[in-house]
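Got the viewer open? Keep the selection box handy, and we'll walk through this one stop at a time.

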Amino acid sequence: MTEAAPRGWVPVEHRFLGLDRRTFGPALSVLVIALVLLAGLPAVNALIPWHNEIRAGDVLDLGDGATAVPPVGWQLEDGTLTGAGVASATSLQAELATGGATISLRGAAFAGSADAFLDQVLRSEGSAGVDGPRATVTTESGLVGVALGSTSPQGDGLDVAFKMAGPSGQAETAPALLVRVRTAPGQFERQQDVVGAFVRSITPGASR
């Protein structure tokens, strides 16, 4: 009479270091899939180029006739470019990015000055009382704004606030625009000429 093998017993020919070699295949497959998900896909994603690269002649549509000339080679992550067959933007909102740097534009209804709008933004972020000296910025179209630079261990930044064109040219009732630039630590100087050209290219559009 042959004695039945104990439950879970693995024949010697299928053992390796006390483990059942027959489970190695499925386990290895699971491991490979996990490694692909954790490391492979991000690596592949990094190799795939974006398809919203700004080209020479592109113009950013900020809505209501307002425009800006985005830096060539940057990526348009949010926003609308002007052009035939493209619907006009319905709000002052856009986002541009390149390696280690971003430019975001956000518009909002605001009845005060550009300086007061920047104060409100800083207060809403808990930054009141931390701001440094401000500078006046004038675009090529004559739009006047106020700029504030910042530096931290997380990176460098620049905030520029504008009041856009209002009804019949009344600046008090015009919407406000915040241009926010953020770069990796020590990278702002390399981008400052590009950023300066972009900010100076902003036009408020026709009076509403």
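## The whole chain

Residues 24 or more positions apart make up 51% of the chain's contacts with a separation of 6 or more. Keep in mind that you are looking at a predicted model. Switch to cartoon and you should find three helices and twelve strands. Now turn on a surface: about 12,500 Å² is accessible, and carbon and sulfur atoms hold 59% of that. Of the 208 residues in the chain, 33% are buried.

## Stop one: the strand pair at 144-163

Select β11, residues 155-163. How many of the residues of β11 are buried? Nine of nine, so to speak a clean sweep, as this strand is mostly covered. In a regular strand, side chains alternate between the two faces of the sheet. Colour the two faces separately here: Gly155, Gly157, Asp159, Ala161 and Lys163 sit on one side, with Asp156, Leu158, Val160 and Phe162 on the other, and both sets are buried.

Next, add β10, residues 144-152. The strands β10 and β11 run antiparallel and are joined by eight bridges. Together they make a hairpin with two residues between them. For a landmark, pick Thr151, whose bridge partner in β11 is Asp156.

Then add β12, residues 176-183. β12 pairs with β11 over eight bridges, again in the antiparallel sense. Zoom in on Ala161 and you will see Leu178 of β12 opposite.

On the way from β11 to β12, stop in the loop and click Pro175. Is Pro175 buried or exposed? Its relative accessible area is 19%, and the cut-off for buried is under 20%, so Pro175 counts as buried. Draw a distance from Pro175 to Met164: the two are eleven residues apart in sequence, with 5.7 Å between their C-alpha atoms.

## Stop two: the nonpolar cores

Show Leu62, Leu105, Phe162, Val179 and Ile202 as sticks. These residues have the most contacts inside the largest nonpolar core, which has 28 residues. Elements giving two or more residues to this core include β3 (60-63), β7 (93-98), β8 (101-108) and α3. Which element gives the most? That would be α3, with four residues.

Centre on Phe162 for a closer look. Beyond its neighbours within four places in sequence, Phe162 is in contact with a list of residues including Val137, Leu143, Pro175, Val179, Val199 and Ile202. Apart from the largest core lies another one, of eleven residues, among them Ala114, Leu118, Leu122 and Leu178.

## Stop three: helix α3

Select residues 188-200, which are α3. How far apart should the ends of this helix be? At 1.5 Å a residue, its 13 residues should span 18 Å, and the end C-alpha atoms are 17 Å apart, which agrees. Look along the axis and stop at Val194, where α3 bends by about 35 degrees.

An α-helix has 3.6 residues a turn, so residues three or four places apart point the same way. With that in mind, colour the buried residues of α3: Phe188, Gln191, Val195, Gly196, Phe198 and Val199.

## Stop four: β5, β7 and β8

Go to β5, residues 75-78, which pairs with β7 in the antiparallel sense over three bridges. A handy pair to label is Asp78 with its bridge partner in β7, Glu95. On to β8: six bridges join β7 to this strand, and the two run antiparallel. Leu96 has Ile103 of β8 as its bridge partner. The hairpin of β7 and β8 has two residues between the strands, and Gly100 in this hairpin takes a positive phi near 80 degrees.

## Last stop: the three-stranded sheet

Finally, select β4, β3 and β6, which form an open sheet in that order, with antiparallel pairing. Its edge strands are β4 and β6 (80-81), each pairing on one side only. Between β3 and β4 there are three bridges, and Asp61 stands opposite Thr67 in β4.

Before you close the session, click Asp64 in the loop between β3 and β4. Most residues other than glycine have a negative phi. Asp64, though, has a positive phi, near 55 degrees. Its relative accessible area is 48%, so Asp64 is partly exposed.

Note on methods:
Residues are numbered from 1 along each chain as its sequence is written. This is a predicted model: local features need pLDDT of at least 70, side-chain atom pairs count only at pLDDT 80 or more; totals for chains, interfaces and linings use all residues. Side-chain values use heavy atoms; hydrogens and water are left out. The expected span of a helix is 1.5 Å times one less than its number of residues. The bend at a residue is the angle between axes fitted to the seven residues ending there and the seven starting there. Buried means under 20% relative accessible area, exposed over 50%, partly exposed in between (1.4 Å probe, protein chains only). A nonpolar core is a set of buried Ala, Val, Leu, Ile, Met, Phe, Trp, Tyr and Cys residues joined through side-chain atoms within 4.5 Å. Contact means heavy atoms within 4.5 Å. Accessible areas come from the Shrake-Rupley method with a 1.4 Å probe; for residues, only the protein chains shown count as cover. Two strands pair if DSSP finds at least two bridges between them.
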